[in-house]
Each structure stands twice: as structure tokens, then as C-alpha cells.
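Student: I have a new structure to read. Can you walk me through its features one at a time?

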Amino acid sequence: MSVRWNLDDILPESQFDELYARAEKDLETFIAKKSLLSPSMSKKDFVDLLKLEDSISEDLYRLYDMPALRESANSSDTLAQKLKGRALQLLVQAEDAVRFFSHWIKGKDVEGVDTLDDNNARRLFAASKPHRHILERARELAAHTLTEPEERLATLKDANLRETLQDVRRQLETAQTFRFKPVSAKRSKTIATQSELMQYVHDPRPDYREAAYRSLFDVYKNNLPLYFFVFQGIQKDWDAMAGLRGYESPIAMRNVSNDLMSGSVELLLEVCRRNAPLFQRFFRLKARLLKQKKLSRFDLYAPYPDTPDERISYGDAVDLVMNTFTDFHQPFADRARRIIDEQHIDSHPRKEKSSGAFCATVTPSITPYVLLNYTGRLRDVSVIAHELGHGVHSLYANGQTIAGQNPTLPLAETASTFGELLVFERLLASYDEQAAAALLFDKLSDSYATVMRQAYFARFEIEAHSAVAAGVTAEELSDIYFSTLTEQFGDSVDVDELFRYEWSYIPHMVKTPFYVYAYAFGELLSLALFARYKAEGDSFIPKIEEILISGRTSYPHTILKKCDIDISSDSFWQGSFDLVEGWLEKLSKIFSHEKI
Ligand SMILES: [Zn+2]
């Protein structure tokens with residue numbers, strides 16, 4: 001039984017032109033209101049302007065998201081592409097047209113209007129509680145904003161040079177082909193894409209896994225000088241901009257956009273470092289399971305031997321998720337039920353449908369949409385729980401404004417990870433030992449990849465920025481990378497020298513500098529919250545709900561503080577690793593029964 005979504009709740013296609021015309025007209029009205037701007041303006045006029053801006057944004061998102069979602073369900077939908085193009089044009093136009101308002105809020109000079117001073121900013125911002133945080137934040141960020149001609153130069157520089165550098169890397173990556181020759185294969189073959197090659201690192205055959213990594217890093221090693229130039233160029237540019245904008249360190253420029261204090265990121269990385277031995281224990285266990293003395297890095301992603309190939313129908317999977325949510329908390333389940341009942345899910349893979357899974361929040365008044373590619377594997381069941389969790393989060397926060405509904409990155413995975421963990425624990429409790437071991441094994445592998453691996457990427461990135469600033473060669477940079485691997489794995493994994501070039505293969509550090517730690521941050525935060533829920537039971541649920549309802553109306557540390565959670569406390573973060581340790585202990589126990 002597969003289901004398709006009904007996008008009419010966003011906007012029926014027949015009403016596109018009408019809404020487009022309305023948005024255009026409202027934009028003109030908004031521009032005409034510029035004459036009202038003055039530091040002494042009334043609170044009512046100010047709040048009305050904010051509301052008009054919100055309603056324009058809502059219309060623009062509806063105009064854009066309807067065709068965009070249609071296209072993700074069918075990439076050859078040419079009408080959707082055309083409508084999306086028109087909506088995008090209007091979005092860009094709107095951004096330009098209302099810029100005077102955001103500039104004025106930030107306290108910047110706007111032609112023909114008196115500048116908004118701090119006292120009046122406080123007076124006006126206090127008039128609208130729902131907008132307050134976003135407004136105050138904009139004003140804080142203004143301290144890191146350059147003058148208008150400088151900002152224009154920066155935008156041009158980014159578009160013409162930084163993006164070109166990023167394109168060079170992308171080009172380089174996609175042009176690469178790989179000679180693939182596992183020991184047991186008769187002859188070598190050429191593999192045209194990296195994603196095809198990387199499938200083999202999960203292959204059950206050890207020589208296929210090793211061959212995949214060898215051909216990957218052979219190619220990266222050959223192109224190392226080019227990857228190094230791009231990496232260095234991006235880093236120098238980032239650091240120079242962070243300096244000009246008055247940030248205390250390169251990573252601080254990213255922390256601010258994530259609404260985080262530098263201290264909490266440092267603490268997180270430190271707690272990760274301290275817990276590296278936890279995953280080292282997992283790798284030792286994995287070596288025993290694969291009948292190796294010491295785990296080879298080539299086998300890090302070797303699959304669990306004899307994974308039971310259990311298939312679950314879509315209907316049963318949805319029931320399983322919904323029963324789990326209901327047992328957790330009825331209002332949580334009710335929100336997920338709305339997404340299902342309102343036909344806001346597209347469930348199964350089709351040709352021309354985009355891959356993966358996501359939850360799309362359009363506006364606070366529209367129930368979110370979920371795209372899945374359900375194939376019946378156990379993993380797909382967690383994906384349902386994860387994406388419905390995102391939807392539940394949005395529905396809890398739908399009392400906020402359009403800018404305040406979507407949580408900031410570090411909190412964005414709270415309900416999704418929670419949903420996933422609830423289903424995981426339910427399955428674990430209902431499984432026999434063999435199936436439970438496979439489940440635990442996958443969970444620990446996933447946690448390693450989202451938490452520890454990312455945390456060490458972040459460590460490398462921080463070190464690389466200072467090394468590049470001081471002057472470094474590509475080989476020296478590879479040495480630095482290798483030392484982070486040595487620390488991460490201790491003596492639990494045998495790491496081939498080739499892995500020293502792995503940094504050149506990670507696109508994020510070039511695409512979005514200092515992004516990787518956010519993965520670890522979000523995941524660990526959710527795990528720690530789940531650990532608190534397990535310790536405190538149902539009395540913790542109202543706190544979770546408070547976090548979800550808050551959306552983006554405050555800084556994460558303020559939202560969490562209200563719920564008695566202190567992210568500057570070491571023991572809070574340790575809770576998440578203790579949860580992971582519990583899984584590892586369960587797994588070790590099962591293995592000790594089997595005497596492997
Ligand atoms: Zn997610």
C-alpha cells in the first residue's frame with residue numbers, strides 16, 4: 001500500500017496566479033509603508049509592519065513550496081519547474097524590496113529614514129513577543145556586518161571567487177573515475193562515480209571493502225595538490241572574513257549563525273574526546289565478530305554478519321511507529337497522526353522521485369509534508385519515525401511566527417531523534433538475541449558516524465585553520481589529519497597510511513566550513529535529552545514539549561535552561577554517552593552468551 005501526498009493544502013495549482021498577484025500587490029504596499037519608519041513610530045505601526053512582512057513570507061513560501069515539492073516527487077514535472085522558477089524570481093525580488101526594513105532594524109543607515117537607536121529598538125522590539133528574539137538577534141549580528149559597499153563587495157567576491165573555488169572542487173570530484181580491483185576479482189573494472197564505488201565499503205566481502213578505499217584514496221592522492229589549493233583558499237577566505245567582521249576566532253563565525261556560544265562547542269568536543277574509548281571498545285568487539293585480531297580501518301563499515309532480512313509492510317511500519325508514539329505521549333502521537341490523516345506523506349520510491357527522505361515545513365498554518373522512499377527494511381521504519389518526529393516538532397511550534405517556527409540547527413533534531421530512539425527501544429525489547437544484536441550493532445555504527453567521526457572532523461578543521469594561517473604543505477596537513485585518526489581510534493583499529501588523505505575527500509569543510517560539528521551537537525543533545533527522559537520518566541515529558549513549542553524564539557541555551565537543562569554542564573553531555581554505553585553493554589552481553 002503506497003500513499004501519495006495531496007499538495008492542495010499548500011496551494012491548488014489553479015490558484016497560483018491569483019496568489020502570485022496578491023503577493024506582488026502586498027509587496028508594493030509594504031514598500032509604500034517605508035514612510036512610516038521612524039525611531040519614534042508607534043508600537044502598533046511597527047507590529048503591523050512585522051505582521052505584513054510575515055504574511056508576505058507565508059504567501060511566498062506557499063508559491064515556492066508547492067511546485068518544489070511537486071518536483072521532488074517527479075523531477076520531469078515541467079510545469080512545476082516553471083512555477084518554481086517564477087516563485088523564485090519573486091522571492092529574490094521580495095528580498096531586495098524589503099531589505100530597507102531589515103537594515104533599519106539592525107540600526108543601519110537607510111536613505112530618507114532616521115536611524116533606529118538602541119533605546120527605541122528596545123521599546124519597539126518589546127512590543128511583539130513572538131518576534132522579539134529574531135529582532136534582537138538581527139541587531140546583534142549587525143555588529144558583525146560591514147558597511148554597505150563592503151558587503152556588496154563581499155557578496156560579489158563570494159559569488160565570483162569562493163563559489164568558483166567550490167565549483168572547481170565539485171568538478172574535480174565528479175570527473176574522477178576509479179580503477180577497482182578486489183583481490184578475488186579476475187580483472188579490474190573502471191567505476192565512474194564515487195557513490196557507486198563507496199557502496200563497496202559496506203560490502204560483505206573484505207577484499208571488496210579494501211579495494212574500494214584503495215582506489216578512492218589513490219585518486220585523491222594523485223589530485224592532492226589541487227584539493228589542497230582549494231581547501232587552503234576557502235580557509236584563508238573564511239578566516240579573513242571572520243577577522244574583518246570582528247569575530248574572536250574562525251569557528252565563532254559559524255557558532256553565531258548556529259545560535260551557540262563558543263564555550264559550549266568546545267565543551268562538546270572535549271566530552272567527545274574523553275569518550276573516544278567507548279567506540280574503541282565497540283571496534284574491538286567488532287574485530288572479534290569479524291574474527292580479526294585487530295579491526296582494520298578498511299572494515300570499519302563491514303556489515304553485521306547474517307543480518308536478518310526481515311521486511312515490514314508500509315502499513316505495519318506506520319502502525320508500529322504510531323503505537324510507539326501513543327505509548328510515549330498521546331499529544332505527540334496526535335500530531336503525527338495529523339500528517340498521516342491529512343495525506344501529507346509520499347511513501348514509496350518511484351522513477352523520477354528524489355532519493356532519501358525529508359520533512360518540509362511550509363508555514364505555521366500548514367501541516368508539514370513528509371517524503372519517504374520506503375522499501376520495507378528495518379532502517380526504513382526508523383526513517384518514518386525520524387521524519388514524522390520532525391513534523392511533530394513543527395506542529396508543536398506552529399504557534400510561533402514563520403521565522404520562529406523552525407528550530408535553530410542544534411535543536412532541529414530533537415523530536416526526530418526522539419521518535420527514532422523510541423522505536424529503536426521498542427524493537428529492541430521485542431526482539432530475540434540474534435535480531436537484537438544486529439539492531440544494536442547498526443545503532444552503534446550509526447552513532448559512531450554521526451557523533452565521534454564528525455567531532456574529530458571538527459577537531460581537524462580547527463587545527464587546519466591555524467596550520468593554514470601559519471603556512472603548511474599538503475603532506476603536513478595530511479599528518480595533522482592522521483594524528484586525529486590516531487587519537488580517535490587509539491590502538492583499537494589498524495589504520496592504513498592511505499587514510500591520511502581522507503580529509504581531502506570530505507566536501508563539507510570546503511562547502512560549509514565548520515558545519516560538521518553541528519551533526520554531533522544535534523545528535524548528542526537529543527541523546528542526552530532522551531537519557532534524561534529515561535531517568536526521570538513521564539515527568540520529563542512537559543519539558544520536552546516546552547522545547548518543541550519554543551521553536552526558534554530564544555537561544556538554545558535559554559530554551560533548555562527553562563527546562564532545567566544546562567548545556568554548559570559536562571554531566572549533561574556525558575548522559576548521552578552513557579546511553580550509548582548501555583547499548584554497547586547489551587551487545588557485549590549477547591556476544592558473551594554466544595562465546596564468539
Ligand atoms: Zn533529521
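The dialogue below takes up a sheet, a metal site, some ring pairs and two buried residues.

Tutor: Keep one thing in mind: this is a predicted model.

Student: Let's begin with the sheet. In what order do its strands stand?

Tutor: Read a sheet by strand order, not by sequence order. Here an open sheet of 3 strands runs β4-β6-β5, and its pairing is mixed. β4 (345-346) and β5 (358-360) stand at the edges, each with a single partner strand, so one side of each has no neighbour in the sheet.

Student: How many bridges join β4 to β6?

Tutor: There are 2 bridges, and β4 and β6 (residues 369-371) run parallel. Asp346 has Leu371 in β6 as its bridge partner.

Student: Which helix lies across these strands?

Tutor: Helix α16 (residues 378-396) lies across β4, β5 and β6. Its angle to β5 is about 20 degrees.

Student: Now the metal. Which residues are the protein donors of the zinc ion?

Tutor: For a metal site, list the donor atoms, then look at the angles. The donors are NE2 of His386, NE2 of His390 and two OE atoms of Glu413. They lie 2.1 to 2.7 Å from the zinc ion. The spacing of the donor residues in sequence is H-x3-H-x22-E. His390 sits in helix α16, while Glu413 is in the loop between α17 (402-405) and α18 (414-430), so this pair, 23 residues apart, links distant parts of the chain.

Student: What angles do the donor atoms make?

Tutor: Start from the ideal. Four tetrahedral donors would have angles of 109.5 degrees. The 4 donor atoms here make angles of 51 to 140 degrees, and the site is irregular.

Student: Are His390 and Glu413 buried, or partly exposed?

Tutor: Compare the relative accessible area with a cut-off: buried means under 20%. His390 is at 17%, so it counts as buried. Glu413 has 27%, so it is partly exposed.

Student: On to the rings. How many aromatic pairs does the structure hold?

Tutor: It holds 42 aromatic pairs. To read one, take the distance between centres and the angle between planes. Phe217 and Phe499 are 5.1 Å apart, centre to centre, with 70 degrees between the planes, an edge-to-face pair. Phe217 is in helix α9 (residues 206-222) and Phe499 in the loop between β7 (493-494) and α21 (508-511), so the pair ties together parts 282 residues apart in sequence. Both Phe217 and Phe499 are buried.

Student: Why is the pair of Phe298 and Phe499 called tilted?

Tutor: Their planes stand at 55 degrees, with centres 5.6 Å apart, so the pair is tilted. Phe298 lies in the loop between β3 (295-296) and α14 (314-328), so this pair ties together parts that are 201 residues apart in sequence. Phe298 is buried at 6% relative accessibility, and Phe499 is buried at 0%.

Student: Which residues do ring pairs link into a cluster with these?

Tutor: The cluster holds Tyr213, Phe217, Tyr220, Tyr227, Phe298, Phe499 and Tyr505.

Student: Last, where does Gln176 lie, and what is it in contact with?

Tutor: For a buried residue, ask what surrounds it. Gln176 lies in the loop between α7 (148-175) and β1 (178-180). It counts as buried at 4% relative accessibility. Beyond its neighbours within four places in sequence, Gln176 contacts Ala192, Gln194, Val219, Tyr220, Asn223 and Tyr227. The C-alpha atoms of Gln176 and Val219 are 7.3 Å apart, though 43 residues separate them along the chain.

Student: And where does His133 lie?

Tutor: His133 lies in helix α6 (residues 129-142), and is buried at 7% relative accessibility. Leaving out residues up to four places away in sequence, His133 touches Asp259, Arg552, Thr553, Ser554 and Tyr555.

Key. Residues numbered from 1 in each chain as written. Predicted model: local features only at pLDDT ≥ 70, side-chain atom pairs only at ≥ 80, totals over all residues. Heavy atoms only, no water. Pairing = 2+ DSSP bridges. Helix = DSSP H or I, 4+ residues; strand = E, 2+ residues; numbered from the N terminus. Contact = heavy atoms within 4.5 Å. Axes fitted to C-alpha atoms, helices over the stretch in contact; angles between N-to-C directions. Donors = N, O, S within 2.8 Å, 3.2 Å for Na, K, Ca; no water. Tetrahedral: all angles 85-135°; square planar, octahedral: opposite > 155°, others 65-115°. Buried < 20%, exposed > 50% of the residue type's maximum accessible area, 1.4 Å probe, protein only. Phe/Tyr/Trp six-rings, centres within 6.5 Å; stacked < 30°, edge-to-face > 60°.
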